[in-house]
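Welcome! Below are some short exercises, each followed by a worked solution. Try each one yourself before you read on.

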Amino acid sequence: MIPRIQKRGQRTLGLLYYLYGPGKFEEHIDPHLVASWDNNAPDPGRDESATLKQLQQLLDQPLENIEESERPTKHVWHLSVRNAAEDRILTDEEWGDVARRMVAAAGIDDPEQGAGCRWAAVRHADDHIHIVATLVREDGYKPDLDHDAARVQAQARALEKEMGLRRLNKGDGTAAKRPTSAERHKAERQGRGRTAREELREAVRRAVAGATSEEEFFDRLAAAGLLIRKRIAPSGDLLGYKVALPEDRNAQDEPVFYPGARLAPDLSLPRIRERWSADGHTPGTAPRKPAPSSPASARRRTASAAWQAVLIVEHGDDAVAAAYIAAAGEVLDALAQTSAAHTRSELREAAWAFERASRSHVQAERGHDRALRQAACDLVHGGPALGRGEDGATTAMAIDMLFFLITAAAHWHAKKDHAQQAAAAHQAAEHLRAAYKAAAAQPLGILYERGRHLNRSLRLRQTALLREAVPELAEQILAEPGWYALAATLVDAEAAGHNPAALLAEAVGQRELDTASSISEVLVWRLRRAADLPADTTGMPYAGAATEDTKRQPRQRAPRPVSRSSSDTPSARDRR
């Protein structure tokens, strides 16, 4: 249930004409009253003798009881209350109860407080009502509306629980401003999937991801095709900015500009400058040059930075953890705009969802997040990645590490009772899981084949190593399809001069694995990152390949990631 207090108005009659009319798109059906201040107000929708003018005069009558100089300039209070699309359809009686509880919670008309304001609740659709009230009480005093928005939200959460409706997460006032109904209808008319406000928010977040200076930030905005309007002080200092889509225009055919702060709280120029000042950059000075980077090396550095960030989010100071979580949003934005087509859509959705999780009332202590912000910078300056080869394989590696970082952020928010942020982080993690599957299919498939071609003695040696290094997880890993890829990775690590048992024990011991759908795959990327092994093994020789006699044996079919008989698992075959 979403209650929304609209802007206060001056004309009660004009609002009633809209509520009882057909609507802008003929969407109003059977407008009628479901409740009013005295439960006896005339209903122009159901009573042919009643008029809108009569209802308006009765609603505004308290205004006549006070001096004109004391009347509020904007005396019309308007609240809409909307249910989710999947909720059951409430009856008129139920909507009437909702209306009475909402006006009591807001301070419009609480029976326990004596005299209240006059109000009426109009229903013209199955899923919502509108409440109109006059902001002068029957006794001539003005109502106490302090924190009315927070109070109606709290009442909505209680009603959801009592009426069996979809329960929304409690907000904390740090969410980006929602598009207005006019903005949504405009986007629908123009055939756009998102409103101009939402498109601009995403474009600005992409532009700021990894940016190192105001100059670079505004250059990226211009390169994205946005119209930019800067606010300059008389001294010449830059105070703020607004952006617009060239095709988004008002009735006068003028571009509709949005200030950064109206797109999201952290997109105002002062909040953006906090990131640069923490990096040691002073506005107006030349930005630092990013280190030369390729898409693959940028993704490796991103994986390493994300790996270290997990520990900070899980065990660090709250202010520092908040900074890392905010920087994780930048990394997702940077990765989404530089990845190949087969992962771009899910990564973009992950970044879009995580935007809500990147802010909370915990003040971020910038500067500690420099490694993650540098990773975002490297991703952008490294350029677009290919969907294959080392670029594609390191993309899978980076996504795998980021999944654990975003999951850690979800747990951190949940512990702080940040319900909306925790839900957003979990949603982002699911999109990352889907992107990972697309990115990892080819490189893991190659590793699987390399592991499957290991000769029997070498495979048994890796099995014994696994059982010795991680006995508590060995049987689960051996039963997974990804075991062959992990076995090949252990062989590669040893060939590169590393101690595979030590690497394996360290990879398991440093971070949790409970949220992993495949422990063996997670360990593949952790080991290949820690040992600096190539993520893509295309063309690499099959170390310890099977003998000719073994090759002549019937080829076994590759295991599928579905339920199988216990006798067909890799561990069962190794024990034969």
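**Exercise 1. Find out which parts of the chain the salt bridge between Asp266 and Arg205 links, and whether its two partners are buried or exposed.**

Step 1. Start with the distance in this predicted model: the side chains of Asp266 and Arg205 form a salt bridge, with N and O 3.5 Å apart.

Step 2. Next, place both residues. Asp266 sits in the loop between α8 (260–263) and α9 (269–278), while Arg205 belongs to helix α6 (residues 196–208). The two are 61 residues apart, so the pair links distant parts of the chain.

Step 3. Now check accessibility. Asp266 has a relative accessible area of 7%, so Asp266 is buried. Arg205 also has 7% relative accessibility and therefore counts as buried.

Step 4. Finally, look for salt bridges that share partners. One network made in this way joins Arg194, Glu202, Arg206, Arg348 and Glu349.

**Exercise 2. Describe the salt bridges Arg192–Glu199 and Glu94–Arg88, and say how accessible Arg192, Glu199 and Arg88 are.**

Step 1. Take Arg192 and Glu199: their closest N and O atoms are 3.4 Å apart, and they form a salt bridge.

Step 2. Compare each value with the 20% limit for buried residues. Arg192, at 16% relative accessibility, counts as buried. Glu199 has a relative accessible area of 23% and is partly exposed.

Step 3. Turn to Glu94 and Arg88. This salt bridge has its closest N and O atoms 3.0 Å apart, and Arg88 is partly exposed at 40% relative accessibility.

Step 4. For the wider picture, a search of the whole structure gives 38 salt bridges.

**Exercise 3. Work out what surrounds Asp536, a buried residue with no salt bridge.**

Step 1. Locate Asp536: the loop between α20 (519–530) and α21 (548–551) holds this residue.

Step 2. Look for an opposite charge. Side chains of opposite charge can pair when their charged atoms come close. For Asp536, the nearest such side chain is that of Arg528, 8.8 Å away. A salt bridge needs the atoms within 4 Å, so this distance does not qualify.

Step 3. Look for other polar partners. The side chains of Asp536 and Thr538 share a polar contact of 2.8 Å.

Step 4. List the contacts beyond the neighbours within four places in sequence: Asp536 touches Gly389, Glu390, Ala393 and Ile446.

**Exercise 4. Check the length of helix α12 (residues 341–354) and find out how its buried residues are arranged.**

Step 1. Helix α12 has 14 residues, so at 1.5 Å a residue it should span 20 Å. The C-alpha atoms at its ends are 20 Å apart, which agrees.

Step 2. Collect the buried residues of α12: Thr343, Leu347, Ala350, Ala351, Ala353 and Phe354.

Step 3. View the helix down its axis. The buried residues of α12 fall within an arc of 160 degrees, so they line one face of the helix. An α-helix has 3.6 residues a turn, so residues three or four places apart point the same way.

Step 4. Turn to the face pointing away from the buried side of α12, where the exposed residues Ala341 and Ser345 are found.

Step 5. Ask what covers the buried residues of α12: the cover includes α11 (318–338), α14 (389–415) and α15 (419–452).

**Exercise 5. Describe the surroundings of Gln337 in helix α11.**

Step 1. With 31% relative accessibility, Gln337 counts as partly exposed.

Step 2. The side chain of Gln337 comes to 3.3 Å from the backbone oxygen of Asp333.

Step 3. Setting aside neighbours within four places in sequence, Gln337 is in contact with Arg206, Ala209 and Val380.

Step 4. Compare Gln337 with Ala351, 14 residues apart along the chain: their C-alpha atoms are separated by 10.0 Å.

**Exercise 6. Describe the phi angles and locations of Asp30 and Asn39.**

Step 1. Recall the usual case: most residues other than glycine have a negative phi.

Step 2. Asp30, though not a glycine, has a positive phi of about 50 degrees. Asp30 lies in the loop between α1 (12–20) and β2 (32–36) and is partly exposed, with a relative accessible area of 39%.

Step 3. Asn39 is not a glycine either, and has a positive phi of about 60 degrees. Its place is the loop between β2 and α2 (52–64), and at 56% relative accessible area Asn39 is exposed.

Notes. Residues are numbered from 1 along each chain as its sequence is written. This is a predicted model: local features need pLDDT of at least 70, side-chain atom pairs count only at pLDDT 80 or more; totals for chains, interfaces and linings use all residues. Side-chain values use heavy atoms; hydrogens and water are left out. Helices (H or I, at least four residues) and strands (E, at least two) are DSSP runs, numbered from the N terminus. Buried means under 20% relative accessible area, exposed over 50%, partly exposed in between (1.4 Å probe, protein chains only). Lys and Arg count as positive and Asp and Glu as negative; His and the chain ends are not counted. A polar contact is a pair of N or O atoms within 3.5 Å; within protein, one must be able to donate a hydrogen and the other to accept it, and residues adjacent in sequence count only if both atoms are side-chain atoms. Contact means heavy atoms within 4.5 Å. The expected span of a helix is 1.5 Å times one less than its number of residues. The arc is that of the directions from the helix axis to the C-beta atoms.
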